Amino acid sequence: MEKPVKDARSGSERDERKAGRRTVNRRDFLRGMAVAGGAAFLGTPTDVEALHDLSGWPDRMGMLTDLTECVGCRSCESACNAANGLPAPEVPFDEKSVFERKRRPTASAYTVVNRYGNPKGSGNPIYRKVQCNHCEEPSCASACPVRAYTKTPEGPVLYDKDVCFGCRYCMVACPFYAPAYDYESALEPKVVKCTMCHGRIKAGGIPACAGSCPMGAITFGRREKLLKIARDRIRKFPDRYVDQIYGEYEAGGTSWLYLSGIPFGELDFPTNLPRKPIVENTKGFLSAVPLVLTLWPALLGLCYAANRNKEEKG
């Protein structure tokens with residue numbers, strides 16, 4: 001069934017890109033500073049520039065979420081909870097009142113599903129699954145002064161709590177607001193996020209959320225193959241999908257990809273992200289500013305976090 005293709009992006013965003021202009025808000029500025037500070041701490045501007053040559057692990061895996069298939073059953077949330085040994089949620093997984101507010105991943109919920117009204121009027125609500133998108137060149141890893149993050153050859157971005165000292169630069173640097181902080185554990189503060197079930201992937205399995213979805217809305221596979229599947233769906237059913245695969249290029253690309261029937265901006269996806277990795281936007285800054293000036297924020301952050309942890313462990 002062939003249907004005409006819709007435009008995926010809003011006109012204002014497209015016009016801004018053509019004009020080479022981009023609005024920078026406070027969050028964007030802090031994100032750039034966090035990445036620049038972390039990258040400078042890890043190495044010289046030359047080292048940072050070398051990251052641009054990374055084209056990605058050749059056989060990396062990914063996930064494709066088709067938002068037109070999701071019915072909001074929250075089976076993915078339940079499966080994630082069980083797979084990661086997380087505490088039972090305050091609101092049961094079969095309770096629909098949870099959709100009355102927009103949620104973000106937390107220390108006790110690595111993925112959440114939010115509900116949106118359908119702008120097409122009489123259509124069913126639209127549900128969006130939210131979790132770490134596992135960037136191709138993750139800004140959380142660039143911002144981390146102690147290399148607590150790793151982009152694995154399999155695709156997931158992993159976090160090592162034994163290295164982390166709690167500066168939370170990663171939370172500021174993430175363009176998708178994915179990492180959460182475990183405030184419940186004062187003695188062992190840590191960042192928490194989706195691991196894309198890396199252990200299961202290494203063992204030849206599939207992530208729990210993909211395996212549990214009764215609608216087949218989540219597909220696991222090699223990223224290149226998922227992109228092909230997504231393009232084929234858009235080509236075959238252009239009336240069903242906007243002509244965009246979210247995650248193909250945003251912030252340099254992500255392992256988690258999305259298809260949608262309405263523009264992604266209407267589902268709270270960030271639509272002002274550059275096509276290049278966040279760290280690349282700091283190249284000019286790192287080259288022009290003496291290294292000591294970029295190190296100071298990171299060093300001060302380290303001292304603050306170390307003292308805070310010491311006081312809390314006290």
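How much accessible surface does the chain have, and what share of that surface belongs to carbon and sulfur atoms? In this predicted model, the accessible surface of the chain comes to about 15600 Å², and 54% of that area belongs to carbon and sulfur atoms. Turning from the surface to the interior, buried residues make up 47% of the 314 residues in the chain. The chain has 11 helices and 9 strands, and among its contacts with a separation of 6 or more, 66% are accounted for by residues that lie 24 or more positions apart in the sequence.

With this overview in mind, we can turn to one sheet. Three of the strands form an open sheet, in which the order is β8-β1-β9 and the pairing is mixed. Strands β8 and β9 stand at the edges, each with a single partner strand, so one side of each has no neighbour in the sheet. From one strand to the next, the twist averages 25°.

The mixed pairing can be followed strand by strand, beginning with β1, which covers residues 61–66. Strand β1 pairs with β8 in the antiparallel sense over 5 bridges, whereas β1 and β9 run parallel and are joined by 4 bridges. Individual residues show how these strands are matched: Met61 stands opposite Arg222 in β8, while Thr65 has Ile218 as its bridge partner in β8. Towards the other edge strand, Asp66 stands opposite Leu259 in β9.

Are the residues of the edge strands buried or exposed? In β8, which spans residues 218–222, 4 of the 5 residues are buried, so this strand is largely enclosed by the rest of the structure. In β9, made up of residues 256–259, Trp256 and Tyr258 point one way and Leu257 and Leu259 point the other way, yet all of them are buried.

A last stop is Thr152, which is found in the loop between β4 (149–151) and β5 (157–159). Thr152 has a relative accessible area of 6%, and it counts as buried because this value falls under the 20% cut-off. A polar atom of the side chain of Thr152 lies 2.8 Å from the backbone oxygen of Pro156. If we leave aside its neighbours within four places in sequence, Thr152 is in contact with Trp57, Leu158 and His198.

Notes: Residues are numbered from 1 along each chain as its sequence is written. This is a predicted model: local features need pLDDT of at least 70, side-chain atom pairs count only at pLDDT 80 or more; totals for chains, interfaces and linings use all residues. Side-chain values use heavy atoms; hydrogens and water are left out. Helices (H or I, at least four residues) and strands (E, at least two) are DSSP runs, numbered from the N terminus. Buried means under 20% relative accessible area, exposed over 50%, partly exposed in between (1.4 Å probe, protein chains only). A polar contact is a pair of N or O atoms within 3.5 Å; within protein, one must be able to donate a hydrogen and the other to accept it, and residues adjacent in sequence count only if both atoms are side-chain atoms. Contact means heavy atoms within 4.5 Å. Two strands pair if DSSP finds at least two bridges between them. Accessible areas come from the Shrake-Rupley method with a 1.4 Å probe; for residues, only the protein chains shown count as cover. Axes are lines fitted to C-alpha atoms, for helices over the stretch in contact, and angles run from 0 to 180 degrees between N-to-C directions.
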